[in-house]
Amino acid sequence: MIYPDFHTKAFETDEERRAAASLPAATRQSMIKNVLYPYEKFVEISDKIMKFHVPVDGGEPDTGGIAGLLGEYRSGKTFILQNFARQFPPRLTDNGFEHDVVYVQARQDWDSLELGKQIYMMTGVPAVPRLTIASMNSKAARRLIECNTKLLIIDDAHCLFGAAGKRRGVYASLIKYLVDQANACNVLLAGPPSIEGPIEADLQMKGRGGFPRYRVESFDPKTPEGRNKFRIFLHGVDQRLPFRQLSDLAAKRYLPDLLEMTDGSLGLAMNIVIAAGYEAINDDSACIMPHHLRSAAEDRMPSGKTFQPFAEVHAQ
């Protein structure tokens, strides 16, 4: 799995910001696209995933449990998971490569064999033999054991548990085999809260650890605390953007329109910031300006909304 080249370093001085702004355009573009600010909830959830993986400080990875990372679309789950998984790159041993953590991103178009195939591919086997469903699941489980995998992360797990026909049962069968009969690894299922229902209804799956749930939520725009945390997040992102000056993204004058456009969603806010950042690079601007935000927001105007985003700010 090739993870994004996350950009996490804040530019804390004018000199650092000028140096970042002088980098090639392609480098700055990548930094903006993959900017990652480890905000409070990000760190909290990452720590909980680590405790699920290795519950005792200085101890060994746990096995045989199922947990959930739950959050709505564009709430930041995938960045948390990929940033976590990339901390465990494959290790070459005398017996081949070991993969402590394997990350798989499910899709709606998978057939019954695909979860097993993806496990093969994510552990470095590009060619997968033609097998029956049962044989594929058994071999995929053995492959994880051979690779000494202790945590299997399945992102977009709703694609598995919302699958029609026998596919859902096949996916569940492989997961249960991994944690129950084989006791090979822990499994972390990530997706919207809708995946809770199928797990709650399956006593065998819920019984493997009680299904601890870690929740990622948007900032509540209706509360002062939520709005303040949203501004802290925006400031953290701003500190990492490769411009000569801060863009003042956390300014109160921007807050109403950003909340109107995103309802406190990190992902939706970043869609606007990233697009505005690209425009600012093209304009050789010292920072993201109000007209960059307005242009990016207008292109992403939700259906049913008729207001002009950042119009008053742009006029100032």
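The following exercises, with worked solutions, concern a predicted model.

**Exercise 1. Determine whether the length of helix α3 agrees with its number of residues, and which of its residues are buried.**

Solution.
1. Helix α3 covers residues 40-53, that is, 14 residues.
2. At 1.5 Å a residue, these should span 20 Å, and the end C-alpha atoms are 20 Å apart, so expectation and model agree.
3. The buried residues of α3 are F42, I45, S46, I49, F52 and H53.
4. Viewed down the axis of α3, the buried residues fall within an arc of 115°, and therefore they line one face of the helix.
5. An α-helix has 3.6 residues a turn, so residues three or four places apart point the same way.
6. The elements covering these buried residues include β1 (66-70), α4 (77-85), β4 (101-105), β5 (151-155), β6 (186-191) and β7 (213-215).

**Exercise 2. Describe how strand β1 is covered and paired.**

Solution.
1. Five of the five residues of β1 are buried.
2. On one side lie I66, G68 and L70, and on the other A67 and L69; both faces are covered.
3. In a regular strand the side chains alternate between the two faces of the sheet.
4. β1 runs parallel to β6, to which five bridges join it; within this pair, I66 stands opposite V187.
5. β1 also runs parallel to β7, with three bridges between them, and here L70 stands opposite R215.

**Exercise 3. Place L69 and L70 in the nonpolar cores.**

Solution.
1. The largest nonpolar core has 57 residues, and L69 is among those with the most contacts inside it, together with I49, I153, L188 and F233.
2. Helix α13 (residues 266-282) gives the most to this core, namely 10 residues.
3. Beyond its neighbours within four places in sequence, L69 is in contact with residues including I45 and I49, L188 and L189, and Y214 and V216.
4. L70 belongs to a second, separate core of 33 residues, which also includes V102, A106 and A141.

**Exercise 4. Classify R143 and K150 as buried, partly exposed or exposed.**

Solution.
1. R143 lies in helix α6 (residues 133-146).
2. Its relative accessible area is 18%; because the limit for buried is under 20%, R143 is buried.
3. Leaving aside neighbours within four places in sequence, R143 is in contact with Y120, T123 and V125.
4. K150 lies in the loop between α6 and β5.
5. K150 has 24% relative accessibility and so counts as partly exposed.
6. Outside its neighbours within four places in sequence, the contacts of K150 include H53, D62, H99, D100 and N186.
7. The C-alpha atoms of K150 and E60 are separated by 9.5 Å, although these residues are 90 residues apart along the chain.

Notes:
Residues are numbered from 1 along each chain as its sequence is written. This is a predicted model: local features need pLDDT of at least 70, side-chain atom pairs count only at pLDDT 80 or more; totals for chains, interfaces and linings use all residues. Side-chain values use heavy atoms; hydrogens and water are left out. A nonpolar core is a set of buried Ala, Val, Leu, Ile, Met, Phe, Trp, Tyr and Cys residues joined through side-chain atoms within 4.5 Å. Buried means under 20% relative accessible area, exposed over 50%, partly exposed in between (1.4 Å probe, protein chains only). Helices (H or I, at least four residues) and strands (E, at least two) are DSSP runs, numbered from the N terminus. Contact means heavy atoms within 4.5 Å. The expected span of a helix is 1.5 Å times one less than its number of residues. The arc is that of the directions from the helix axis to the C-beta atoms. Two strands pair if DSSP finds at least two bridges between them.
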